[in-house]
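Visitor: Please give me a close look at a single part of this model. I would like its packing, and then its surroundings.

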Amino acid sequence: MTFTLHIWRQKNAIAQGYFEEFQIDVTESTSFLEMLDGLNEQLISNGHDAVAFDFDCREGICGSCSLVINGSAHGKPRSTTTCQLYMRDYKDESELWVEPWRATSFPVVKDLIVDRSAFEKIIQSGGYIATRTGSAVEANTIAIDKDTVDGAFDSATCIGCGACVAVCPNASATLYVAAKVNHLSTLPQGEIDRQRPKKMLVEMERQGFGTCSNYRECERACPKDISVVNITKMNKLLYQNK
């Protein structure tokens, strides 16, 4: 399989970026990141700068493989991270445009890598409580019904990749915030801090993310199928605790 790649190159956040064209031959069983590895080997062998891209686990867990491929966050298949893509997924497309997340709050570090530390600041604003709770008790002493546990776990599957931001016309992080709020607030241990939704949404705005306009593109692009129902639940908590 032969592909023409148009890959975004950018030295840093303030430099002007551009698409650079490459040609590469791969097999159907080659993963997308393996293809980029192969491209970089060719570039280095020829004395050129490698394409900078982010990754860690390559198992669809860490969320760092944040690429927009032919206009789709994490690529064409749904419920899939970039590291889980294979070149056979693009057997009908010989030309691929590869670029980083596009959001002011995710400045480009280099080429395809963006700085997503804004997410960490949102978590820091609401991921702890100021109330003294004494010594930690054995978790199994608190009885929690299965529906509540399942709901909390569904929200907790968010890997914080930022695809929701990348596809949102407003560059909103509301789905990410809602998933984290519900993960922390659904269980009894997390109900103590009732101001968590407000604190995290205020920090989201401070970090430059937009607001939610219910486009629901975030739900479609999410590799972990986080539902916009989380946003509804978060808004309910927000207005209950004003």
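Guide: Here is a close look at helix α1, followed by the strands, cores and loops of the model.

This is a predicted model, in which local features need pLDDT of at least 70 and side-chain atom pairs count only at pLDDT 80 or more, while totals for chains, interfaces and linings use all residues. Residues are numbered from 1 along each chain as its sequence is written, and side-chain values use heavy atoms, with hydrogens and water left out.

Helix α1 covers residues 32-45. Helices here are DSSP runs of H or I with at least four residues, strands are runs of E with at least two, and both are numbered from the N terminus. The 14 residues of α1 should span 20 Å at 1.5 Å a residue, and the end C-alpha atoms are 20 Å apart, so the two agree. (The expected span is 1.5 Å times one less than the number of residues.)

Which residues of α1 are buried? They are Phe 32, Leu 33, Met 35, Leu 36, Leu 39, Asn 40 and Leu 43. They cover an arc of only 150° around the axis, so they sit on the same side of α1. The arc is that of the directions from the helix axis to the C-beta atoms. Buried means under 20% relative accessible area, exposed over 50%, and partly exposed in between, with a 1.4 Å probe and protein chains only. Glu 41, Ile 44 and Ser 45 are exposed on the other side of α1. After α1 comes Gly 47, with a positive phi near 80°.

What covers the buried residues of α1? The cover includes β1, β2 (18-25), β3 (68-69) and β5 (95-99). Take β1, residues 2-9, which holds Thr 4. Thr 4 has a relative accessible area of 16%, so it counts as buried. Beyond its neighbours within four places in sequence, Thr 4 contacts Glu 21, Phe 22, Gln 23, Ser 94, Glu 95 and Leu 96. Contact means heavy atoms within 4.5 Å. Thr 4 and Leu 96 are 92 residues apart along the chain, yet their C-alpha atoms are separated by 6.3 Å.

Now the cores. A nonpolar core is a set of buried Ala, Val, Leu, Ile, Met, Phe, Trp, Tyr and Cys residues joined through side-chain atoms within 4.5 Å. The largest has 38 residues, and those touching the most other members are Trp 101, Phe 106, Phe 119, Ile 122, Val 165, Val 177 and Phe 209. Helices supplying at least two residues each include α2 (117-126), α5 (174-185) and α8 (229-240). The largest share, six residues, comes from α5. A second, separate core of 25 residues includes Trp 8, Leu 39, Met 87 and Tyr 90. Leu 39 is also one of the buried residues of α1.

Last, the loops. Ser 66 lies in the loop between α1 and β3. At 3% relative accessible area, Ser 66 is buried. Not counting residues up to four places away, Ser 66 touches His 74, Pro 100, Trp 101, Leu 112, Val 114, Arg 116 and Cys 161. His 74 sits in the loop between β4 (72-73) and β5. His 74 is buried, at 0% relative accessibility, and has a positive phi of about 65° although not a glycine. Asp 111, in the loop between β6 (108-110) and β7 (113-114), is another non-glycine residue with a positive phi, near 50°. Asp 111 is buried too, at 2%.
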